[in-house]
Number of protein chains: 2
Amino acid sequence: MGVKQVRASITIAALLVFTGNAAGDDQLSSWNDGPSKQAINEFVAQVSAPGGPNYVPPAERIAVFDNDGTLWAEQPLYFQLIFALDRIKALAPEHPEWKNTQPFKAALENDLNAVLSGSEHALLELIMATHAGITVNEFSTIVNDWLGTARHPTTGRLYTDMVYQPMLELLAYLRANDFKTYITSGGGVEFIRVFAEEVYGIPPEQVIGSSIKTQYAYRDGDPVLIRLPELNFIDDKAGKPVAINHHIGRRPIAAFGNSDGDLQMLQWTCAGDGTRFCLYVRHTDAEREWAYDRESHIGRLDKGIDQAQTDGWTVVDMKSDWAVIFSIEGNGRNDLKL
Amino acid sequence: MGVKQVRASITIAALLVFTGNAAGDDQLSSWNDGPSKQAINEFVAQVSAPGGPNYVPPAERIAVFDNDGTLWAEQPLYFQLIFALDRIKALAPEHPEWKNTQPFKAALENDLNAVLSGSEHALLELIMATHAGITVNEFSTIVNDWLGTARHPTTGRLYTDMVYQPMLELLAYLRANDFKTYITSGGGVEFIRVFAEEVYGIPPEQVIGSSIKTQYAYRDGDPVLIRLPELNFIDDKAGKPVAINHHIGRRPIAAFGNSDGDLQMLQWTCAGDGTRFCLYVRHTDAEREWAYDRESHIGRLDKGIDQAQTDGWTVVDMKSDWAVIFSIEGNGRNDLKL
């Protein structure tokens with residue numbers, strides 16, 4: 001490395017440092033000015049100010065994010081469930097008996113109400129039939145292929161184009177200030193890992209989620225990990241702080257969610273010592289996205305909003321706080337391929 | 001930040017870069033010259049050489065280390081088991097019935113043979129009586145206090161002074177070359193996390209281990225995580241690749257172990273595509289440490305050594321490969337407080 005190159009690297013490094021410590025207004029350009037944006041900026045400034053009373057060392061700057069409804073959309077139903085239903089259709093030729101067996105019959109007939117009103121056991125049957133019995137590598141390939149081609153039923157977009165631009169900016173802003181950003185999702189860890197690094201900049205080791213069991217075995221002389229039709233862990237509600245502790249071993253200082261399934265994660269985060277930040281994304285924009293909260297079957301936010309008000313957590317009003325919603329708008333991309 | 005400070009930071013950054021890419025001989029100063037040291041240096045040089053045929057991007061440079069017998073000693077029995085026996089003695093006044101109940105009676109009478117020859121169920125009883133029923137914070141404090149005072153029965157050293165200096169150098173050398181170093185231990189994840197960052201430079205989120213279940217609950221108005229007397233996961237043998245996949249979501253490119261309990265982890269690592277590195281530490285030094293392998297009850301290395309020979313894995317001969325054994329020697333510290 002020549003002197004010029006070293007100087008150039010230094011300039012870039014210095015820029016990164018200064019950008020990281022600067023107020024985040026420019027980095028949160030899809031956030032409208034208001035109390036939510038202000039609260040985020042104040043929190044980041046406080047924990048990042050060396051020598052300040054609320055300074056937190058970088059190693060302890062852990063931020064955890066729910067995925068469905070917080071980083072990407074979740075209507076009309078969780079995207080992973082849409083994947084499962086699509087997968088049922090793809091596998092149907094190998095299972096002629098599904099035509100006359102519930103819950104597969106309802107899935108094949110696109111009868112979402114029947115699928116969703118079925119028992120938890122019926123939903124699990126759909127998940128296991130589509131998520132187990134293959135290796136972890138095979139599963140990743142199938143999910144990757146689906147994400148590259150499947151389209152959302154009402155927007156016609158790729159599912160990975162239905163991530164929220166303001167949240168992408170928030171993730172980047174936190175990382176620029178030495179935060180380590182994690183996903184803590186009720187969705188499947190192996191499903192989310194397929195796109196989390198490319199779409200969110202979150203590497204696989206920083207994705208925590210629900211899981212089924214896997215088994216180590218030899219196949220054709222090579223070791224493989226086979227996905228078994230058996231639940232391992234449900235990373236939802238009280239499971240979230242449990243999984244965070246198991247996986248990270250530190251209490252986060254910031255937590256971001258959108259539903260009652262995230263409530264315990266926010267409680268656990270904000271009950272810690274020192275400066276903490278808890279934020280709920282509230283779906284209030286029926287025109288640009290969806291509007292739902294206390295009565296919704298998907299992403300219900302009821303008890304959470306009450307505790308947010310009691311405890312002074314930040315509540316994002318999507319309609320007024322977000323200048324743009326989906327990443328595809330924020331990026332100025334217009335290749336919708338509808 | 002003034003210009004001088006920026007220049008100073010730059011100099012340090014440049015030094016780190018150059019050190020990181022330099023040949024590792026100086027960084028492995030406790031390793032004698034020989035095939036083991038040479039194999040390590042060649043592997044690191046190959047995967048770190050930009051544009052080289054075996055280059056691996058930093059994000060994929062994952063290295064996993066067993067703990068007991070690989071990073072620190074494990075004789076005359078696993079240190080965590082010694083902790084459990086000490087803890088039984090500390091708790092005995094609250095449990096008068098233990099004087100007449102096995103396996104507690106044997107533990108209180110220091111009858112290690114009886115303890116170790118008991119059933120797996122009996123060992124589990126000892127673990128649960130000493131590791132469960134308290135919060136994760138309370139457990140960390142107890143382990144931390146024990147590590148600060150308890151002494152190894154034959155060396156008189158603190159247990160954290162019985163880590164291997166050559167392995168500390170190896171961890172640092174890998175990290176200087178942009179590896180992410182993980183522990184994957186059959187020992188308890190919450191036990192190892194108490195000292196892993198200070199002693200090994202490995203943060204809690206990079207420690208994978210066995211675990212008991214925990215429960216989220218409220219106590220005196222605050223959320224706590226309570227350790228339950230119920231096994232969650234045994235991170236040993238075929239469990240190691242399963243846990244690595246669950247936690248990291250990438251296959252490591254380097255794995256380090258010392259026993260048959262690490263065999264599947266090494267198989268899984270070295271069966272991946274591209275350049276891989278698998279290493280067994282063989283305990284061959286009865287004078288400076290212990291000598292044991294195929295017949296040992298603790299840290300048995302039998303099938304593993306056969307596969308290492310078949311597959312050409314590196315096998316460290318502690319007696320000839322390591323100039324010093326314990327960190328306390330390598331650091332030149334002489335405050336043994338025997």
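Contact here means heavy atoms within 4.5 Å. On that basis, among contacts in chain A of this predicted model between residues at least 6 apart in sequence, 65% join residues at least 24 apart. Chain A has 338 residues, of which 52% count as buried, and its secondary structure consists of 14 helices and eight strands.

Aromatic rings offer a convenient way into the fold. A pair of aromatic rings is described by the distance of the centres and the angle of the planes. Over all chains, a search of the whole structure finds 40 aromatic pairs. One of them joins A:Phe256 and A:Phe277 in a tilted arrangement, with 5.9 Å centre to centre and 50 degrees between the planes. This pair links distant parts of the chain, since A:Phe256 belongs to strand 5 (residues 254-257) of chain A and A:Phe277 to strand 6 (residues 277-284) of chain A, 21 residues apart. A:Phe256 counts as buried because its relative accessibility is 1%, under the 20% cut-off. A:Phe277, at 6% relative accessibility, also falls under 20% and therefore counts as buried.

In chain B, B:Phe65 and B:Phe256 form a stacked pair, at 4.3 Å centre to centre and with 5 degrees between the planes. B:Phe65 lies in strand 1 (residues 62-65) of chain B and B:Phe256 in strand 5 (residues 254-257) of chain B, so this pair ties together parts that are 191 residues apart in sequence. Both B:Phe65 and B:Phe256 are buried.

Ring pairs also build up a cluster in chain A, made of A:Trp72, A:Phe79, A:Phe83, A:Phe139, A:Trp146, A:Tyr159, A:Phe191, A:Phe195 and A:Tyr200. One member of this cluster, A:Phe139, has A:Arg227 over its face, at 4.0 Å from the ring centre. Elsewhere, the charged end of A:Arg251 sits over the ring of A:Trp268, 3.6 Å from the centre of that ring.

A further tryptophan, A:Trp322, is placed in the loop between helix 13 (318-321) and helix 14 (327-330) of chain A. Its relative accessibility is 1%, so A:Trp322 counts as buried. Leaving aside neighbours within four places in sequence, A:Trp322 is in contact with A:Ser30, A:Trp31, A:Asn32, A:Tyr164, A:Pro166, A:Met167, A:Val281, A:Arg288, A:Val316 and A:Asp317. For one of these partners, A:Met167, the separation along the chain is 155 residues, while the C-alpha atoms are 9.7 Å apart.

Two histidines make useful stops on the tour. B:His131 is located in helix 6 (residues 120-131) of chain B and, at 3% relative accessibility, counts as buried. Not counting residues up to four places away in sequence, B:His131 touches B:Gln80, B:Phe83, B:Ala84, B:Phe139, B:Ile212 and B:Arg227. A:His247 is found in helix 10 (residues 239-247) of chain A and, with 6% relative accessibility, counts as buried too. Beyond its neighbours within four places in sequence, A:His247 contacts A:Tyr182, A:Arg193, A:Glu205, A:Val207 and A:Ile208, together with B:Arg193, B:Glu205, B:His246 and B:His247 from chain B. The C-alpha atoms of A:His247 and A:Gln206 are separated by 8.8 Å, with their positions 41 residues apart along the chain.

A:Lys303 gives an exposed example: the residue lies in helix 12 (residues 303-311) of chain A and has 59% relative accessibility, so A:Lys303 counts as exposed. A:Lys303 touches A:Asp260 and A:Leu263, not counting residues up to four places away in sequence. A:Ser185 is 118 residues from A:Lys303 in sequence and 19 Å away in space, C-alpha to C-alpha.

Turning to the pockets, the second largest has a volume of about 1,400 Å³. Of the 41 residues in its lining, the closest to the centre are A:Tyr78, A:Leu123, A:Gly186, A:Ile234 and A:Asp236. At least two lining residues each come from helix 3 (79-91), helix 6 (120-131), strand 2 (180-188), helix 9 (189-200), strand 3 (207-219), strand 4 (222-233) and helix 11 (263-270) of chain A. Helix 6 of chain A gives the most to this lining, with five residues. By class, the lining of the second largest pocket contains twelve nonpolar, 16 polar and 13 charged residues.

Methods
Residues numbered from 1 in each chain as written. Chains lettered and ligands numbered in written order. Predicted model: local features only at pLDDT ≥ 70, side-chain atom pairs only at ≥ 80, totals over all residues. Heavy atoms only, no water. Phe/Tyr/Trp six-rings, centres within 6.5 Å; stacked < 30°, edge-to-face > 60°. Helix = DSSP H or I, 4+ residues; strand = E, 2+ residues; numbered from the N terminus. Buried < 20%, exposed > 50% of the residue type's maximum accessible area, 1.4 Å probe, protein only. Lys NZ or Arg CZ within 6 Å of the ring centre and 35° of its normal. 1 Å grid on protein atoms, 1.4 Å probe; cavity = no way out; pocket = protein on both sides within 12 Å on 5 of 7 lines; lining within 4 Å. Points joined across faces, edges and corners; volume = space filled by probe spheres on them. Nonpolar A, V, L, I, M, F, W, Y, C, P; charged D, E, K, R; others polar.
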